[in-house]
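Please look at the structure shown here, and then follow the questions and answers below it.

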Amino acid sequence: MPDHVYKSIEITGSSTNTVEDAINGAIAKASKTLHNLRWFQVSEVRGAIENNKVAYWQVTMKVGFRLEDS
């Protein structure tokens, strides 16, 4: 089994529904340009309030992916 090298980047997803939707949406978008996604780690959850209600959620996370072999 060869050794692998991984890279991580930070992304932020948002959703008007749930934190989980914000995470899934961000990962789905990232997967269109990044390959070999392997893990994510949530570093921050925040949201916006409008009319005394949660208007949307924002989730900042690190996403890790394996670099392709040359």
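Q: Leaving aside its neighbours within four places in sequence, which residues is Thr60 in contact with?
A: This is a predicted model, in which local features need pLDDT of at least 70 and side-chain atom pairs count only at pLDDT 80 or more, while totals for chains, interfaces and linings use all residues. Residues are numbered from 1 along each chain as its sequence is written, and side-chain values use heavy atoms, with hydrogens and water left out. Counting a contact as heavy atoms within 4.5 Å, and leaving aside neighbours within four places in sequence, the partners of Thr60 are Glu10, Ile11, Thr12, Gln41, Val42, Ser43, Glu44 and Arg46.

Q: Is Thr60 buried or exposed?
A: Buried means under 20% relative accessible area, exposed over 50%, and partly exposed in between, with a 1.4 Å probe and protein chains only. The relative accessible area of Thr60 is 5%, and therefore Thr60 is buried.

Q: Where do the buried residues of α1 fall, seen down the axis of the helix?
A: In α1, a helix being a DSSP run of H or I with at least four residues, numbered from the N terminus, the residues Ala22, Ile23, Ala26 and Ala30 are buried. Seen down the axis, taking directions from the helix axis to the C-beta atoms, the buried residues of α1 line one face of the helix, because they fall within an arc of 100°.

Q: What do the buried residues of α1 pack against?
A: The strands concerned are DSSP runs of E with at least two residues. The buried residues of α1 pack against β1 (6–15), β2 (37–50) and β3.
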